[in-house]
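Please work through the exercises below with the sequence and the model side by side. Each one sets a task and then gives a solution in steps.

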Amino acid sequence: MVLLQRATHVTLQVLATDLAELKLTASELNVLANLADDRPRTVSEIGVAAGVRPTTLTGVLDRLADKGLLTRAARSGDRRAVEISLTAAGARSAARVAESFKAVEMRALDDVPLAAVEQARRVLKGLAES
């Protein structure tokens, strides 16, 4: 677990440097990465995907909305549910974030055999779902 924490810390540092021009926090980058497919989601869906508590997520979404990167609206057919969508600027930022995430992953795993990468993904999925 210490290695996972260390890898997460280093990855966040690399991403922060690579994406500095966006002026976003790690939590904001995480949310944008999870919205990069430009599919609207409810707050609950984003929270599960991003691994963020609803109380924390509200502040992150507020900041992203204040920056003009996303909008909130009542979900069609269920006005109690709030749906989050990217603005055009948000879609551009999310695409940049996804591109950076992929580049970091490719650099980190370039010399790692595919079988080892697949095994690591299974372990990480298991940890994320526990």
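The exercises move from the whole chain to its helix packing, then to single residues, and they concern a predicted model.

**Exercise 1. Describe the overall make-up of the protein chain, including its elements in order and its extent.**

Step 1. The secondary structure comes to 6 helices and 3 strands, and from the N terminus on these elements run α-α-β-α-α-β-β-α-α.

Step 2. Taken along the principal axes, the C-alpha atoms fill a box of roughly 45 × 35 × 25 Å.

Step 3. Of the 130 residues in the chain, 24% count as buried, and among contacts between residues at least 6 apart in sequence, 56% join residues at least 24 apart.

Step 4. An unreviewed UniProt entry places the feature "domain: HTH marR-type" at residues 1–129; over this range the chain is 66% helix and 13% strand, with the end C-alpha atoms 15 Å apart.

**Exercise 2. Determine how α2 is oriented against α4 and against α5, and name the residues through which these helices meet.**

Step 1. For the pair α2 and α4, the axes come within 10 Å and cross at roughly 80 degrees. An angle of 65 to 115 degrees counts as roughly perpendicular, so α2 is roughly perpendicular to α4.

Step 2. The residues that meet in this pair are S27, E28, V31 and L32 from α2 and L57, V60, L61, R63 and L64 from α4.

Step 3. For the pair α2 and α5, the axes come within 8 Å and cross at roughly 95 degrees, and these two helices are therefore also roughly perpendicular to each other.

Step 4. Here L29, L32 and A33 of α2 meet G90, S93, A94, V97 and F101 of α5.

**Exercise 3. Find which residues of the largest nonpolar core touch the most other members, and state which elements contribute to this core.**

Step 1. As background, nonpolar side chains in soluble globular proteins tend to be buried together.

Step 2. The largest nonpolar core has 21 residues, of which V31, L32 and L64 touch the most other members.

Step 3. Two or more residues of this core come from each of α2 (26–34), α3 (43–50), α4 (54–66), β3 (78–86) and α5 (88–109), and the largest share, 4 residues, comes from α4.

Step 4. L32 can be followed outward from the core: leaving aside neighbours within four places in sequence, L32 is in contact with L24, L64, L69, L86, G90, S93, A94 and V97.

**Exercise 4. For E28 and S100, decide whether each residue is buried or exposed, and identify the polar partner of each side chain.**

Step 1. E28 lies in helix α2. Because buried means under 20% relative accessible area, E28 counts as buried at 0% relative accessibility.

Step 2. The side chain of E28 reaches the backbone nitrogen of T25 at 2.8 Å. Not counting residues up to four places away in sequence, E28 touches K23, V60, R63, L64 and K67.

Step 3. S100 lies in helix α5 and likewise counts as buried, at 1% relative accessibility.

Step 4. The side chain of S100 makes a polar contact with the side chain of D18 at 2.4 Å. Leaving aside neighbours within four places in sequence, S100 is in contact with L15, D18 and L19.

**Exercise 5. Locate K23 and D38, and describe the backbone phi and the exposure of each.**

Step 1. Most residues other than glycine have a negative phi.

Step 2. K23 has a phi near 55 degrees, a positive value in a residue other than glycine. K23 lies in the loop between α1 (2–18) and α2 and is exposed, with a relative accessible area of 67%.

Step 3. D38 has a phi near 60 degrees, again a positive value in a residue other than glycine. D38 is found in the loop between α2 and β1 (41–42) and counts as partly exposed at 46% relative accessibility.

**Exercise 6. Place S130 in the chain and relate S130 to R6 in space.**

Step 1. S130 is found in the segment after α6 (114–129) and is exposed, with a relative accessible area of 76%.

Step 2. Although S130 and R6 are 124 residues apart along the chain, their C-alpha atoms are separated by 20 Å.

How values were computed:
Residues are numbered from 1 along each chain as its sequence is written. This is a predicted model: local features need pLDDT of at least 70, side-chain atom pairs count only at pLDDT 80 or more; totals for chains, interfaces and linings use all residues. Side-chain values use heavy atoms; hydrogens and water are left out. Buried means under 20% relative accessible area, exposed over 50%, partly exposed in between (1.4 Å probe, protein chains only). UniProt positions are given in the numbering used here, feature names are shortened, and annotations may be inferred rather than shown by experiment. A polar contact is a pair of N or O atoms within 3.5 Å; within protein, one must be able to donate a hydrogen and the other to accept it, and residues adjacent in sequence count only if both atoms are side-chain atoms. Contact means heavy atoms within 4.5 Å. A nonpolar core is a set of buried Ala, Val, Leu, Ile, Met, Phe, Trp, Tyr and Cys residues joined through side-chain atoms within 4.5 Å. Axes are lines fitted to C-alpha atoms, for helices over the stretch in contact, and angles run from 0 to 180 degrees between N-to-C directions. Angles under 35 degrees count as roughly parallel, over 145 as roughly antiparallel, 65 to 115 as roughly perpendicular and the rest as oblique.
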